[in-house]
Amino acid sequence: MAQQLLQPGQHGYWRFGHDVAVEIIDTRSQEKVEEDLAEHMRQHHRDWVEQYCDGIQIADDEMGLLYEHDVLVEILSPATRCLYWKNGNPRRIEVLKASELEISPERVSLLVSSMSRKRSVKGLESCVLMAQIPAWHVGILKVDGVAQELLQPGLKGYWRVGYDVTVEIVDTRLQALDVGGQEILTRDKVNLRINLSANWRYHNVLMAYEQLSEPVAYLYRELQFALREVVGTRSLDELLENKQIIDELVNEKIQQVTGDFGLEVASLGVKDIILPGDMKAILSQVVEAEKSAQANVIRRREETAATRSLLNTAKVMENNPIALRLKELETLESIAERINQISVYGGLDQVLNGLVKIKGE
């Protein structure tokens, strides 16, 4: 049991018949008096408390800021009762109401500057919440799990004494949400793999978080449900003939279920429709047969037109020998373009005479 407090120096005691022990306390590193010793001193040695200690007592509805040399060193929670050794450091206590939630901007600056010091402030992490909200974002202040208000960009500070305080950072810009790898059976039992992408934003952030614990997860599930309903009630041919119908119907359904929850889907669309391997081969054969039939139709149409043109040409040349002769010369010219050397029998006169004869006729 503690009998006496000794000041720095040399002390001696007789140990005959007594168990004497001296405990040395470094008041520079162990500033706070241990709880058992503090209680013993209060009960049996009140004069020691007044002479050697600074007593601090915080009520149940208060909290305290402890300063040494006007520098914040510790944040004291409610119902704190403790003793500090007097070590030459002048101390003072600032008492605040525990019901306070938001920290003033001046004190926020003080707490931020204290974080950069080598000697950290005791109790800072457990008693203070600092929230840095970036530009184009808002913060949702939650007290004991209940959303309270929206916080604008900037540095905010809150006391966590007696409250469970959290700040959730929310991006208010347009965001992309991909719903990928959805395997869905069409009405005619064809298994499709569809990838959908949606661009969305918060229409009312506070409304969204008041009604939904995870707004993004809710939007993802609703996109899944709408996509499965649209694809599952239509055949493969309907979907391939009009791919836009998926986007339109999914968008219509999703607008109905998100408007009342503070969410806004700006646009959405199907990125990919992936068919199974055997269905790809079948569709390739169908497309090949369709294109082959179209080619045959075009070929027959061109052949008919060419035959009709030849028939008209023949009718013109039937009663016009000059036109017939000109056609012969045109044919001869086209043949001569492919021949390097031409041999003329009968002489050039024969050719000229034939031309003159044509002219005479």
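This tour proceeds through a predicted model by selections, from aromatic rings to a surface patch, a helix and salt bridges.

**Aromatic rings**

Begin by selecting Trp200, Tyr202 and Tyr209, which together form one aromatic cluster. Across the whole structure, the search finds three aromatic pairs. One of them is Trp200 with Tyr202: the ring centres are 5.0 Å apart and the planes stand at 70 degrees, so the pair is edge-to-face, since an angle over 60 degrees counts as such. Both Trp200 and Tyr202 are buried, and hiding the surface may help in viewing them.

Next, select Tyr67 together with Arg92. Here a charged side chain meets a ring: Arg92 lies over the face of Tyr67, at a distance of 4.1 Å from the ring centre.

**A nonpolar patch**

Switch to a surface representation and select Leu6, Tyr13, Val22 and Ile24. These residues make a nonpolar surface patch of about 420 Å². Within the patch, Tyr13 is located in the segment before α1 (35-44). Its relative accessibility is 42%, so Tyr13 counts as partly exposed.

**Helix α3**

Return to the cartoon and select residues 105-115, which constitute helix α3. Which residues of this helix are buried? They include Arg107, Val108, Leu111 and Ser114. These four cover an arc of only 125 degrees around the axis, which means that they lie on the same side of α3. Rotate the view to the other side of α3, where Pro105 and Glu106 are exposed.

**Salt bridges**

The last group of selections concerns charged side chains. Side chains of opposite charge can pair when their charged atoms come close. In this model the count comes to 14 salt bridges.

Select Lys32 and Glu74, whose closest N and O atoms are 3.4 Å apart in a salt bridge. This pair links distant parts of the chain, 42 residues apart: Lys32 belongs to the segment before α1, and Glu74 to strand β3 (residues 71-76). How accessible is each partner, buried or partly exposed? Lys32 has a relative accessible area of 35% and is therefore partly exposed. Glu74, with a relative accessible area of 10%, is buried, because the limit for that class is under 20%.

Move to Asp61 and Lys97, a salt bridge in which the closest N and O atoms are 3.9 Å apart. Asp61 is found in the loop between β1 (53-57) and β2 (62-68), and Lys97 in strand β5 (residues 91-97), so this pair ties together parts that are 36 residues apart in sequence. Asp61 has a relative accessibility of 44% and counts as partly exposed; Lys97, at 44%, also counts as partly exposed.

Then select Glu229 and Lys253, whose side chains meet in a salt bridge with an N to O distance of 3.0 Å. Because Glu229 lies in helix α6 (residues 215-232) and Lys253 in helix α8 (residues 244-258), the pair ties together parts that are 24 residues apart in sequence. Glu229 counts as partly exposed at 42% relative accessibility, and Lys253 counts as partly exposed at 28%.

For the final stop, select Glu39, Arg42 and Arg81. Salt bridges that share partners join these three residues into one network.

Definitions and conventions:
Residues are numbered from 1 along each chain as its sequence is written. This is a predicted model: local features need pLDDT of at least 70, side-chain atom pairs count only at pLDDT 80 or more; totals for chains, interfaces and linings use all residues. Side-chain values use heavy atoms; hydrogens and water are left out. Rings of Phe, Tyr and Trp (its six-membered ring) pair if their centres lie within 6.5 Å; planes under 30 degrees apart count as stacked, over 60 as edge-to-face and the rest as tilted. Buried means under 20% relative accessible area, exposed over 50%, partly exposed in between (1.4 Å probe, protein chains only). A charge sits over a ring if NZ of Lys or CZ of Arg is within 6 Å of the ring centre and within 35 degrees of the ring normal. Patches are made of residues with over 30% relative accessible area and no salt bridge: like charges are joined within 9 Å, nonpolar side chains (Val, Leu, Ile, Met, Phe, Trp, Tyr) within 5 Å. Accessible areas come from the Shrake-Rupley method with a 1.4 Å probe; for residues, only the protein chains shown count as cover. A salt bridge is a side-chain nitrogen of Lys or Arg within 4 Å of a carboxyl oxygen of Asp or Glu. Helices (H or I, at least four residues) and strands (E, at least two) are DSSP runs, numbered from the N terminus. The arc is that of the directions from the helix axis to the C-beta atoms.
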